[in-house]
Amino acid sequence: MTKTINLTLKIWRQSGPGSKGRMETYLANTISTDMSFLEMLDVVNEQLTLDSKEPIAFDYDCREGICGQCGCVVNGRPHGPESGTTLCQLHMRHFSDGDTLFIEPFRARAFKIVKDLVIDRSPLDKIIQAGGYISANTGGCQDANAILIPQETAEKAMDAAACIGCGACVAACPNASAMLFVSAKVSHLALLPQGRPEAAQRVVSMLRTMDELCFGNCSNERECEAECPKEISIVNIARLNREYIKAGIASTVM
């Protein structure tokens, strides 16, 4: 038998980027514990629509923890209380009947609020555009094993490549730093031979763009690692710092 719970939602509402926001209270009654968090918001929005009220705007796409589009702060934690979980993968069974949930957008100077819980994540795209690419000809599928890569190195690169660019690391950081995100993108390519030709230019350009877009710097608080839904390690930030130092010593891109 499906269990249901009743919740009180305190949700941030903001009509546009230049508007003043406020918290509004909604009741979410008879919510199935089998629902995901986003499905619960869908139910609330259906009722708001029936009541001729403005539905709550929130981001989503795949609803499978892949795209990085969903995400807001639930009771002070990006993506909610469960570790290694995106908001769309968070199920209502992790909450109790009668709970009050405070739901807000990711807060960072670089992330402008578009509406309600929707933020502009395009600054992360601009960081990738600054250096997240390679010029090496990788060939076709049949050439995948042409360059031998140690298993340990390949695993580290794939772990870094798991970053979905959701921005939870930025929202969790007291400095609103994007260092975990940038380090994942830099590590993914720096560890592989195909990524070495642009390695120096990549790390300098991406960090420079991060600063220009008003992200903060890393102060080793580790909130980013704790809240990352893909559990990206801050070991990548150490690798990013090493790549930056090497770029300054071995090249003129600085």
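## A glycine to start from

Let's begin with Gly98, which sits in the loop between β4 and β5. Gly98 is exposed, with a relative accessible area of 54%, and a residue counts as exposed when that value is over 50%. Compare its position with that of Gly71: the two are 27 residues apart in sequence, and their C-alpha atoms are 23 Å apart in space.

Keep in mind as you look around that this is a predicted model.

## The chain as a whole

Now step back. The chain has 254 residues, and 45% of them count as buried. Its C-alpha trace spans about 60 × 40 × 30 Å along the principal axes. Eight helices and seven strands make up its list of elements.

How much of the contact list comes from residues 24 or more positions apart? Taking the contacts with a separation of 6 or more, such pairs account for 69%.

## A five-stranded sheet

Five of the strands form an open sheet with mixed pairing, and going across it you meet them in the order β2-β1-β5-β3-β4. The edges belong to β2 and β4, each with a single partner strand, so one side of each has no neighbour in the sheet.

Strand β1 (residues 4–13) is a good place to see both kinds of pairing. With β2 (residues 22–32), β1 pairs in the antiparallel sense over nine bridges. Along this pairing, Thr4 stands opposite Ser32 in β2, and Lys10 stands opposite Thr25 in β2. With β5 (residues 100–104), β1 pairs in the parallel sense, over four bridges. Here Leu9 has Leu101 of β5 as its bridge partner. As for side chains, those of a regular strand alternate between the two faces of the sheet.

## Two residues with a positive phi

Most residues other than glycine have a negative phi. Two residues here are worth a look on that score. His79 is not a glycine, yet its phi is positive, about 70°. You'll find His79 in the loop between β4 (77–78) and β5. Buried or exposed, what is His79? His79 is buried, with a relative accessible area of 0%.

Asp116 is not a glycine either, and its phi is positive too, at about 50°. The loop between β6 (113–115) and β7 (118–119) is where Asp116 belongs. Asp116 is buried, with a relative accessible area of 2%.

## Helix α5, mostly covered

Helix α5 (179–190) has 12 residues, which should span 16 Å at 1.5 Å a residue; its end C-alpha atoms are 15 Å apart, and that agrees. How many of the 12 residues of α5 are buried? The count is 11, so "mostly covered" is a fair description, given that buried means under 20% relative accessible area. Among them are Met179, Phe181, Lys185 and Ala190.

What does the covering? The elements over the buried residues of α5 include α2 (122–131), α3, α4 (168–172), α6, α7 and α8.

## Helix α8, with two sides

Helix α8 (residues 235–250) has 16 residues and reaches 23 Å from its first C-alpha to its last, close to the 22 Å expected at 1.5 Å a residue. Its buried residues are Asn236, Ile237, Arg239, Leu240, Glu243 and Ala247. They cover an arc of only 155° around the axis, which puts them on the same side of α8. Behind such patterns is a simple rule: an α-helix has 3.6 residues a turn, so residues three or four places apart point the same way.

On the other side of α8, Ile245 and Ile249 are exposed. The buried residues, meanwhile, pack against α3 (151–161), α5 and α6 (199–212).

## Enclosed spaces

Searching the whole structure turns up three cavities of 30 Å³ or more. The largest cavity holds about 120 Å³ of space. Of the 16 residues that line the largest cavity, Cys173, Cys218, Arg222, Cys224 and Ile237 are the closest to its centre. Ile237 is a name you've already met, as one of the buried residues of α8.

Which helices each supply at least two residues of this lining? Both α5 and α7 (223–227) do.

Definitions and conventions: Residues numbered from 1 in each chain as written. Predicted model: local features only at pLDDT ≥ 70, side-chain atom pairs only at ≥ 80, totals over all residues. Heavy atoms only, no water. Expected span 1.5 Å × (residues − 1). Buried < 20%, exposed > 50% of the residue type's maximum accessible area, 1.4 Å probe, protein only. Arc of directions from axis to C-beta. Contact = heavy atoms within 4.5 Å. Pairing = 2+ DSSP bridges. 1 Å grid on protein atoms, 1.4 Å probe; cavity = no way out; pocket = protein on both sides within 12 Å on 5 of 7 lines; lining within 4 Å. Points joined across faces, edges and corners; volume = space filled by probe spheres on them.
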